[in-house]
Amino acid sequence: MAEVLLQMDGISKSFPGVKANDKVSFQINSGEIHALLGENGAGKSTLVKMIYGLMQPDSGSMKLGSENFRPSEPSKARQSGIAMVFQHFSLFDALNVAENIALGMENPPKMSDLSEKIETVSKSYGLPLDPKRLVGQLSAGERQRVEIIRCLLQNPKLLIMDEPTSVLTPNEVKTLFETLLRLKEEGKSILYISHKLEEIREICDFATILRNGEKVGSCIPRDTSAKQIGEMMVGKSFSSPSRKTRVFGEELLKVSNLSIRTKDFFGTSLSDINFSVRVGEIFGIGGVAGNGQDELLSALSGEEKTSPSTIKIFNQPIGKLAPDERRAIGMRAAPEERLGHAAAPAMTLIENTLITSHSEDVIDQWGIIKFDNVKEKTRNIVSEFDVRTPTLDNAAASLSGGNLQKFVIGREILQRPRVFVVNQPTWGVDAAAAAFIRQSILNLASNDSAVVVISQDLDELFEICDTFSVLTNGRMSKSHDIRSLSSEDVGLLMGGSDLDLKNRDKA
Amino acid sequence: MVIFGIDLVLLISALMISATPVLLAAIGEAVVEKSGVLNLGVEGMMITGAVIGFIFAVNTQIPIYGFVCAAIAGALLSVLFAVLTQYIMSNQVATGLGLTMVGLGLSALIGKPYEGIKSPTVSKIEIPILSDIPILGPMIFSHDAVVYFSVILVATVAFVISKTRIGLVLRAVGENQEAAHALGYKVVRIRFLAIMFGGATAGIGGAYISLARVPQWTEGMTAGAGWIALALVVFASWKPWRVLLGAYLFGGITVLQLNLQAIGVAIPVEILSMSPYLVTIVVLVGISLFGHHTAPGSLARPFHASQ
C-alpha cells in the first residue's frame with residue numbers, strides 16, 4: 001500500500017452567498033494520478049487554490065506527509081513541493097520561455113544555467129523547448145510544456161493540473177499522457193482536474209467526485225463506466241440527446257466560392273468554401289481550431305462582409321448584410337468565445353439579452369428600451385435553459401462557463417432563428433449542460449431551421465449532425481452524410497485527403 | 001567645433017541640461033508603465049517637485065536638500081494616485097489627469113511667496129581627466145551632479161529591468177497581472193512601489209527646472225514637460241535607453257531652435273514644440289500597422305485580487 005502524500009480533512013470554504021467547499025475530505029497517495037471531478041462550479045478550483053496557497057480554508061485541515069500543511073501563499077506551497085499547471089495558462093506572452101519559467105520558481109538559478117537546465121529537462125521528458133523563444137509565439141501545446149517544465153524543475157511531490165487537455169490537439173494529449181505516466185513512475189503524485197470522463201478513465205488511478213462543494217463519491221475510474229461517473233457528478237441520470245429522424249426540406253443556406261483574406265496576424269485565410277444546408281439539417285464542420293473556424297463564423301455572422309452572392313438564404317444574397325440585418329431576417333450566430341464575443345462580460349444578463357434581440361421587440365417607437373420585455377425574455381432564457389444565476393442583474397462574467405454558454409445558446413435559440421451558426425457549442429461545459437445544449441440544437445433543427453455546428457469535438461458532431469465536412473487550413477472538404485463515414489474516413493478528411501473519398505463514393 | 005555657425009560643444013552641453021528634467025520624469029514613468037500602470041499625473045508631480053525643491057533649496061541654501069525634498073514630494077503626491085487607483089480602483093486616466101490639476105494648483109498656491117527669488121547655484125562637477133578631453137570634456141563631462149545622476153539612473157533602470165529578478169517580476173506584473181497573481185506575486189504592492197519611484201523621479205525632474213535650468217520659481221514653469229515625458233515613453237517603446245535617446249532628441253530641440261534663430265533660420269517654435277507629439281503619433285501608427293506590439297499587456301487595466 002502506497003503511503004499517503006496529501007490528506008485533506010473536512011475542508012470548508014465560503015464566499016459571500018456561496019459555499020464553495022463543504023467538509024471535503026480525501027487523500028492522495030504517492031505515485032498516484034488522482035482525478036478531481038465535478039461539474040462547473042462544483043468547487044474543484046477553489047479546493048485546488050487552497051492546496052496551492054492562493055486561498056485559505058475557513059475550517060478543516062490538510063496534511064502533507066506527516067506534517068500539518070496550510071500554505072499562506074503560493075511560494076510556501078511551492079517550497080513544500082506542490083506545483084500547479086493552470087487552466088488558463090499563467091504565462092507572460094512578451095517574456096521568453098526561460099523568463100517565464102524563472103518567474104514560477106522559488107530560487108531560480110542564473111539565466112544561463114537555467115536555460116541549460118530547461119533544455120536538458122525538456123529533452124529528457126520528450127517535451128522539447130527553446131528557452132529563448134517568446135511565449136507569445138508558441139502553440140497551445142508548447143505553452144503548456146512551458147508550464148509543465150516550470151513545475152518539473154522544482155522537483156515537486158504533487159503536480160496539480162487544472163483542465164490540462166482542453167486546449168490540446170489529440171496528438172498533444174498523447175504526449176502529455178506519456179509524460180504524466182512517466183512522472184507517476186518516478187513516484188510523483190498528480191491531481192488531475194477535468195471533466196473529460198474518457199480521459200480520466202484512461203489515465204487516473206482514483207477519482208474523487210465533487211458536487212455543489214461537497215464530496216459525493218469516489219471510484220476507480222477504470223472500473224466505472226463514464227455514464228456512472230457522469231451521473232455521480234450531476235447527481236441524477238441524464239439522457240444523451242435523442243435524435244428523431246428528420247425530413248430535410250429545401251435548400252436554406254448556401255455558401256458558394258467564399259474566400260476571405262484574414263486580417264489577423266495569427267488567423268487563417270479561407271479559400272473557396274462551398275456548402276449548403278437544407279431546412280431541418282444540421283451541418284457539422286470538424287477540424288482542429290485555428291484552421292479557419294473563427295473566420296468562417298465571422299463571415300456567416302456578418303462581422304466580416306463578403307460579396308453579396310457568396311452567402312444566400314433562400315436564394316437571397318446576404319453577403320453584404322451586417323450582423324443585425326442578418327438577425328432581422330432570421331440568421332443568428334453564437335461564436336466560440338463566450339466572454340467578450342458572445343456576451344459583454346461586465347454587462348448584466350438583461351443587457352446581454354437586449355443586445356441581440358430584435359429591436360421591435362425591445363425598443364418602442366420613441367427609441368426607449370422596453371425593459372419589462374427584455375426582463376421577461378431574460379427570465380425565459382434563464383428558466384428554459386436552466387441557467388443558474390442568483391439574479392438577472394448579475395454580470396455575464398460572474399457566471400460559470402457552462403452557465404454562460406447555456407445562456408448564450410438559449411438567447412439565440414429562443415429567438416427561433418431560421419439559420420443558426422454555432423462555433424464550439426459545448427467547449428468547457430460539463431456533461432449535463434453539454435447534453436442539454438445538444439438536445440436544444442436538435443430540437444431547433446426539427447423546428448424547420450438549418451443549423452451549422454463548428455466543433456473540434458468529433459463525438460459531438462457524430463452525435464447531432466446529419467452532414468459532415470472538415471475545415472483544414474482554410475479549405476473545406478466535400479460534405480458527406482455522417483452515417484456513411486467511419487472514424488478512419490474522418491481521419492483522412494482531417495488530413496486534407498478529399499480525393500480518396502471522392503473516388504470511393506463513385507465506386 | 002563650429003558647424004553652420006552653431007557651436008556643437010555648447011549645443012550638446014546645453015542639450016543635455018535641457019533634456020534632463022524630461023529624461024528623469026520619463027524614465028520613472030517608464031518603470032510605472034512597465035508595471036502596468038498609466039499615471040498621467042507626471043506634469044503635476046513635476047511642478048510639485050519644482051516648487052518644493054525650490055522652497056527647500058532657497059531656505060537651506062543647499063541645492064541637494066531641494067532635490068531630496070522634491071523627490072519626497074513627488075513620491076507623496078504619487079501615493080495619492082496609488083491609493084486611489086490600486087486600492088479604491090479608481091480609473092487611472094481620470095485620476096492621473098486629476099493629479100496634474102492638483103499639482104498645478106497646489107504649486108501655484110504654495111509657490112506664491114517665492115516668485116522672483118533666485119535659487120542657490122547647483123555647482124558643476126568637472127570629472128577628473130575625462131573633462132580634460134578636448135571637445136568631449138566640456139561637452140559631456142562638465143555638468144552638475146543631476147545630469148550625471150539622470151544618465152546613471154537610466155543605466156540602472158535598464159539593467160534592473162532586463163537583468164535582475166526584481167525587473168523580471170516588474171515586467172511580469174505589467175505584462176499579465178492575473179498570471180502574476182496566480183504565481184503569488186503581490187501585484188498591488190509592486191505597482192505601488194513603481195508608482196512611488198515614478199513620482200520621485202518626476203519630482204527631481206521638476207526641481208531641476210526650478211533649481212538649475214531657469215533657475216527661479218514661476219507658476220506653471222514646467223510648461224508641458226510632463227506631457228513630453230509621457231509621449232517619450234511611448235516613443236521609446238518602453239525601453240530605457242531609447243527614453244534617453246528620445247529625451248536628448250526632443251528635450252534638446254528647444255536648444256537647437258534658439259541656435260537656429262541666432263543664425264537666422266526661423267522655424268516657428270510651435271512646430272518644434274509639436275514635434276514630440278507628432279513623432280509619438282507616428283510611432284503609435286507604426287506599432288498598429290506593423291504589429292510590433294511592445295506595450296505592457298496589462299497597461300492601465302485595473303486589478304483586483306478577487307479571483
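Me: How many positive and negative side chains does chain A have, and how far apart do the centres of the two sets lie?
Reply: In this predicted model, chain A has 59 positive and 66 negative side chains. Lys and Arg count as positive, Asp and Glu as negative. The centres of the two sets lie 1 Å apart.

Me: What are the matching values for chain B?
Reply: Chain B carries 14 positive and 12 negative side chains. Their centres are 13 Å apart.

Me: How do you know whether the radius of gyration of chain A agrees with that of a compact globule?
Reply: Set the value against the rule. The rule is 2.2 Å times the number of residues to the power 0.38. For 507 residues, that gives a radius near 23 Å. Chain A has 24 Å, so the two agree. Its C-alpha atoms fill a box of roughly 70 × 55 × 45 Å along the principal axes.

Me: How does chain B stand against a compact globule in radius of gyration?
Reply: With 307 residues, the expected value is near 19 Å. Chain B has 19 Å, so the value agrees with a compact globule. The box for its C-alpha atoms is roughly 65 × 50 × 40 Å.

Me: What makes up each chain in secondary structure?
Reply: Chain A comes to 18 helices and 21 strands. Chain B has 13 helices and four strands.

Me: What share of the exposed area do carbon and sulfur atoms supply in each chain?
Reply: In chain A they supply 49% of about 22,200 Å². In chain B they supply 74% of about 13,400 Å².

Me: Why is B:Ile204 called buried?
Reply: Buried means under 20% relative accessible area. B:Ile204 has 12% relative accessibility, so it counts as buried. This residue sits in helix α9 of chain B.

Me: Which residues beyond four places in sequence are in contact with B:Ile204?
Reply: A contact needs heavy atoms within 4.5 Å. By that test B:Ile204 touches B:Leu24, B:Phe67, B:Ala70, B:Ala71, B:Val146 and B:Phe149. B:Val243 is 39 residues away in sequence, and its C-alpha lies 17 Å from that of B:Ile204.

Me: What makes helix α9 of chain A mostly covered?
Reply: The count of buried residues does. Eight of the nine residues in 293-301 are buried. They are A:Gln293, A:Glu295, A:Leu296, A:Leu297, A:Ser298, A:Ala299, A:Leu300 and A:Ser301. A:Gly302 follows the helix, with a positive phi near 100 degrees.

Me: Which residues touch the most other members of the largest nonpolar core?
Reply: A:Ile51 and A:Leu180 do, in a core of 166 residues. Helix α9 of chain B (residues 187-213) gives the most to this core, with 13 residues. Besides neighbours within four places in sequence, A:Ile51 is in contact with ten listed partners, among them A:Leu6, A:Met62, A:Phe69, A:Ile160 and A:Leu191. A second, separate core has 42 residues, including A:Ala343, A:Ile437, A:Val470 and A:Leu493.

Me: Why would nonpolar side chains be buried together?
Reply: That is a tendency of nonpolar side chains in soluble globular proteins.

Me: What percentage of residues is buried in each chain?
Reply: In chain A, 52% of the 507 residues are buried. In chain B, the figure is 55% of 307.

Me: What percentage of contacts between residues at least 6 apart joins residues at least 24 apart?
Reply: In chain A it is 65%. In chain B it is 78%.

Methods:
Residues numbered from 1 in each chain as written. Chains lettered and ligands numbered in written order. Predicted model: local features only at pLDDT ≥ 70, side-chain atom pairs only at ≥ 80, totals over all residues. Heavy atoms only, no water. Helix = DSSP H or I, 4+ residues; strand = E, 2+ residues; numbered from the N terminus. Buried < 20%, exposed > 50% of the residue type's maximum accessible area, 1.4 Å probe, protein only. Areas by Shrake-Rupley, 256 points an atom, 1.4 Å probe, with all protein chains shown as cover. Charge placed at Lys NZ, Arg CZ, Asp CG, Glu CD. Core = buried A, V, L, I, M, F, W, Y, C linked by side-chain atoms within 4.5 Å.
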